[in-house]
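Visitor: Please take one loop of this model as a starting point, look at it closely, and then go on to the core and the ligand surroundings.

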Amino acid sequence: MRYAHEVEKVRAAERALMARLPEGALMRRAAAGLASVCAGLLRSGRAGVTGPGDGVYGAEVVLLVGSGDNGGDALYAGERLARRGARVTAILAGSKTHEGGLAALRSAGGRAVEAGDGDRPVRAIEAADLIIDGMLGIGGRGGLREPYATLAGHASCAIATLVACDLPSGVDADTGVVSGAAVHADVTVTFGTYKPGLFVDPGAEHAGVVELVDIGLGPYLSDPDACLPQAADVDLWTPQAQRESNKYRRGVPGVLAGSETFTGAAVLSVGGAVRGGAGMVRFASARHSVELVRHHWPEAVTSVVEDSLSGVGRVNAWVAGPGMGTDERAETLLGEVLATDLPVLVDADGLTVLTRRRDLLGRSAPTVLTPHAGELARLLGTDADQVEARRLEHVRRAAEELNATVLLKGSTTVIAEADRPVRVNPTGTPRLATAGSGDVLSGLIGAFLAGGAAAIDAAAAGAYLHGLAGRLAAAGPEPGSDAEAPISAQDVVDALPAAFRTLAG
Ligand SMILES: NC(=O)C1=CN([C@@H]2O[C@H](COP(=O)(O)OP(=O)(O)OC[C@H]3O[C@@H](n4cnc5c(N)ncnc54)[C@H](O)[C@@H]3O)[C@@H](O)[C@H]2O)[C@@H](O)CC1
Ligand SMILES: Nc1ncnc2c1ncn2[C@@H]1O[C@H](COP(=O)(O)OP(=O)(O)O)[C@@H](O)[C@H]1O
Ligand SMILES: [K+]
């Protein structure tokens, strides 16, 4: 698991640690880590320098230097690279410059130019092998002002490898929100702890590959605000098939989905549950959906239901909502499911019903809601643009107000439960934005809930494997290829076994 802390907690930890260290020691640690990552990039040839030598000697390095400590870090890192023979040019963009850092860079042979000094800054950026973005770190607020915005644009278009110091300038550290211009980095070297804005789009997308440099903050940091699960975590959260398993022990999810008119959602949700490792899946719906599910998934045990689930048989968890409609019948059946003391996942139409029946959420058993931004906006009485723009804030609010584990789908899927760090899903591809892929996710999480996983673990594991299956389906049989193809929701179902197999590797 990777943990992230908001700015306020980073600053508090830095203050506590700095009180025990000589002046400037922390900045020097950060700069040493940054310089070491940059040297590695130059050495590996990723930053454009080829031929004999260590890649640092003779390399053209440009520093974009802002007025705060982020600029200080960049200057001290530049000093280290200059001492190893790099030709370092600092572009001074702030209203003031970190004096110690600038003096150190000059003493190592580095040069400085003002951002407003004609075309010299642009020429330096164009000639660079590597650029360090030291304009703004955790002190950044709102959209980039000039000259930062223009420099961010030039640097993001340059052929040089662009390395962000702590955080790409223009990305909000706590939320990942980008308002206007921002640095689009290849690599971000972040200090002490990850920042939530590095996990969530658009911030995550601007950060590129993120490297964490340990500066000793660990013991001084309080509880994390967000976390990014890794394969090993997901492996722990997915119920394992034990030797002594039988189909009942592995858990039986009940899927209440589809209707006379809508059948596809039911087929896909059952598909997610079957491929999610459920020992057996019970499916309850209107006749037409039941017929189709039997056809596609003969392994599911089906029941035609009207306005009661009494004949369905025993299940360990319910998935309710995909394609079930929003009429009175749907409301009655959803009410019956939520009145049980079993874990319940509500998706799609079920969420629309909850918008008018919030009272159904007054239960003590685990409840997982899996809305996209539009569905969450309706549940919270706001609009979808607001939810999209501030995903972390809205998912946290939803978990508190709706008494549930809430998984908000979208370009970065985020999962919240009261009093816990938000889990941010690291997998996925925009190719998943295809009709029905959300239905697959609901069944997959349902299988984990039935297998006994805690609500937040089931949701996070489901999002991870679903996103990975989407990537594998889009990439096709050529491992390592960047070429992707459009996919259908059924392709995601079919790629789930391959996604599970990566966990064992
Ligand atoms: N505090 C510490 O102990 C450490 C801090 N470190 C570095 O210090 C950084 C934080 O330094 P600061 O607190 O000086 O903050 P920053 O260097 O991130 O930026 C602060 C300056 O940027 C200006 N600014 C804010 N938003 C702007 C915008 N949208 N457009 C243009 N200008 C804007 C502010 O007016 C202020 O002058 C960290 O990100 C990290 O890089 C590291 O050296 C590690 C130790
Ligand atoms: N831009 C995107 N990048 C990555 N994943 C996305 C993006 N947009 C949507 N998704 C994913 O695609 C799935 C779509 O689900 P959903 O909105 O419920 O659609 P449907 O109801 O058609 O299945 C979700 O898993 C969501 O996280
Ligand atoms: K920066």
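Guide: G313 lies in the loop between β12 (301–304) and β13 (317–320), where strands (E, at least two residues) and helices (H or I, at least four) are DSSP runs numbered from the N terminus. The model is predicted, so local features need pLDDT of at least 70 and side-chain atom pairs count only at pLDDT 80 or more, whereas totals for chains, interfaces and linings use all residues. Residues are numbered from 1 along each chain as its sequence is written, while chains are lettered from A and ligands numbered from 1 in the order in which they are written. G313 counts as partly exposed because it has 13 C-beta neighbours inside 10 Å; with C-beta atoms placed from the backbone, 20 or more others within 10 Å make a residue buried, 12 or fewer exposed, and anything in between partly exposed. From G313 to A16 the C-alpha distance is 58 Å, across 297 residues of sequence.

As for the interior, the largest nonpolar core (buried Ala, Val, Leu, Ile, Met, Phe, Trp, Tyr and Cys joined through C-beta atoms within 7 Å) has 168 residues, of which C38, L64, I131, V163 and V270 touch the most other members. Its largest share, 13 residues, comes from helix α17 (residues 455–475).

Turning to the ligand, 27 residues surround ligand 1, and G68, D69, N70, G137 and G139 come nearest, a residue being near if its C-beta atom, placed from the backbone, lies within 6 Å. Helix α3 gives the largest share of this shell, four residues.
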